[in-house]
Amino acid sequence: MYKDRKNLLSLYNAMNGTAYENEEELEVVTLEEWMSVFLRVFLQSFSERAERRL
């Protein structure tokens, strides 16, 4: 699905009402990657709060 960047950009534009043209500037972030970053940040924040309580 992510191999054809031109079609992916076209899909992005259609879904967001935008008119971007340079598919080289497109950054693909999957849900799995996003969740990984989110969990890492959440757990770090949780750990820092727990340390402050001790």
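These legends walk through several views of a predicted model of one protein chain.

**View 1. The whole chain, with two helices and zero strands.**
Start by taking in the overall layout: the secondary structure of the protein chain consists of two helices, with zero strands. The radius of gyration is 18 Å, well over the 10 Å that the globule rule gives for 54 residues, so the chain is more spread out than a compact globule. Its C-alpha trace spans about 55 × 20 × 15 Å along the principal axes.

**View 2. The surface and charges of the protein chain.**
How many of the 54 residues, as a percentage, count as buried? The figure is 7%. The accessible surface comes to about 5300 Å², and 55% of that belongs to carbon and sulfur atoms. Look for the charged side chains too: the protein chain has 7 positive and 10 negative ones. The centres of these two sets lie 9 Å apart.

**View 3. Helix 1 from end to end, residues 5-16.**
Here you can check a helix with simple arithmetic. At 1.5 Å a residue, the twelve residues of helix 1 should span 16 Å, and this agrees with its end C-alpha atoms, which are 16 Å apart. Just after helix 1 comes Gly17, which takes a positive phi of about 65°.

**View 4. The two sides of helix 1.**
Which residues of helix 1 are buried? They are Leu8, Leu9 and Asn13. Seen down the axis of helix 1, the buried residues fall within an arc of 140°, so they line one face of the helix. Now find Asn7, Ala14 and Met15: these residues are exposed, on the other side of helix 1.

**View 5. Phe38 in helix 2.**
Helix 2 covers residues 31-53, and Phe38 is found in it. Is Phe38 buried, exposed or partly exposed? Buried means under 20% relative accessible area and exposed means over 50%. Phe38 has a relative accessible area of 42%, so Phe38 is partly exposed. To place Phe38 in the wider picture, look for Tyr12 as well: these two residues are 26 residues apart along the chain. Their C-alpha atoms are separated by 22 Å.

Key:
Residues numbered from 1 in each chain as written. Predicted model: local features only at pLDDT ≥ 70, side-chain atom pairs only at ≥ 80, totals over all residues. Heavy atoms only, no water. Helix = DSSP H or I, 4+ residues; strand = E, 2+ residues; numbered from the N terminus. Rg over C-alpha atoms; globule rule 2.2 N^0.38 Å. Buried < 20%, exposed > 50% of the residue type's maximum accessible area, 1.4 Å probe, protein only. Areas by Shrake-Rupley, 256 points an atom, 1.4 Å probe, with all protein chains shown as cover. Lys, Arg positive; Asp, Glu negative; His and termini not counted. Charge placed at Lys NZ, Arg CZ, Asp CG, Glu CD. Expected span 1.5 Å × (residues − 1). Arc of directions from axis to C-beta.
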